[in-house]
Amino acid sequence: MKSYGYFSPDGTEYVITDPRPPRPWINLIANPRVGLAVSQTGSGFSWIDNSQLAVIVRWQQDLAEDRSGRFLYIWDRDADEVWSLAPAPCWPAYDRYACRHGFGYTTFETEYRGLRARWTLFVDTEATVEMWRVHLEDVSGRSRRLSVVAYLEWN
């Protein structure tokens, strides 16, 4: 049987190391008012107050297809190349990939074309806010111009 990931040594995270398991691995993150569902590909949806009736970011009724929601892109302006910080929708051949589903957050750790990226999605414990934290580290050893572009499929 193929291994798609493992529990972290302290048991607080499930670390997915293969972005193409047989079915999506989803993390549900919510406070009393707002929430999000995010898979190991970065697909998913967000809602406020009701996950069925008040969807903010487009929701595919069949999450097994795992192809909707929110995406974060990097545009290398010098090379005129675009890729996503989570596998979907570009599916770059990462040099390194991990998706960490923890209690209250999901973090994507990727490396591609000399750029290490960490993208964490979570909601505030009380405020009605979905938050994204992005950390980029250029390890290419060359000067470059990069742009970060977010895309949301509004419902």
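This is a short tour of the loops, one hairpin and the cysteines of a predicted model.

Before you start, note that residues are numbered from 1 along each chain as its sequence is written. In this predicted model, local features need pLDDT of at least 70 and side-chain atom pairs count only at pLDDT 80 or more, while totals for chains, interfaces and linings use all residues; side-chain values use heavy atoms, with hydrogens and water left out.

**Stop 1: the β6 and β7 hairpin**

Select residues 70-76, which form strand β6, together with residues 81-84, which form β7. Strands here are DSSP runs of E with at least two residues, numbered from the N terminus. The two run antiparallel and are joined by four bridges; strands count as paired if DSSP finds at least two bridges between them. Now click on Asp76, whose bridge partner in β7 is Glu81. Four residues lie between the strands of this hairpin, and Asp80 there takes a positive phi near 50°.

**Stop 2: two more positive phi values**

Most residues other than glycine have a negative phi, and most peptide bonds are trans. With that in mind, move to Asp49, in the loop between β5 (44-48) and β6. Asp49 is not a glycine, yet its phi is positive, at about 70°. Is Asp49 buried or exposed? Neither label fits: Asp49 counts as partly exposed because its relative accessibility is 49%. The cut-offs are under 20% relative accessible area for buried and over 50% for exposed, with partly exposed in between (1.4 Å probe, protein chains only).

Next, select Arg113, in the loop between β9 (105-112) and β10 (115-123). Arg113 also has a positive phi, near 55°, and is a residue other than glycine. At 44% relative accessibility, Arg113 counts as partly exposed.

**Stop 3: a cis peptide bond**

Go to the loop between β7 and β8 (96-102), where you will find Pro89. Show the backbone of Ala88 and Pro89: the peptide bond joining them is cis, with omega about 0°.

**Stop 4: the cysteines**

How many disulfides does the structure hold? The count is zero, where a disulfide means a pair of cysteine sulfur atoms within 2.5 Å. Select Cys90, which is in no disulfide; the nearest cysteine sulfur is that of Cys99, 17 Å away. Cys99 is likewise in no disulfide, and the sulfur nearest to that of Cys99 belongs to Cys90. Finally, look at their surroundings: Cys90 is partly exposed, with a relative accessible area of 35%, whereas Cys99 is buried, at 0%.
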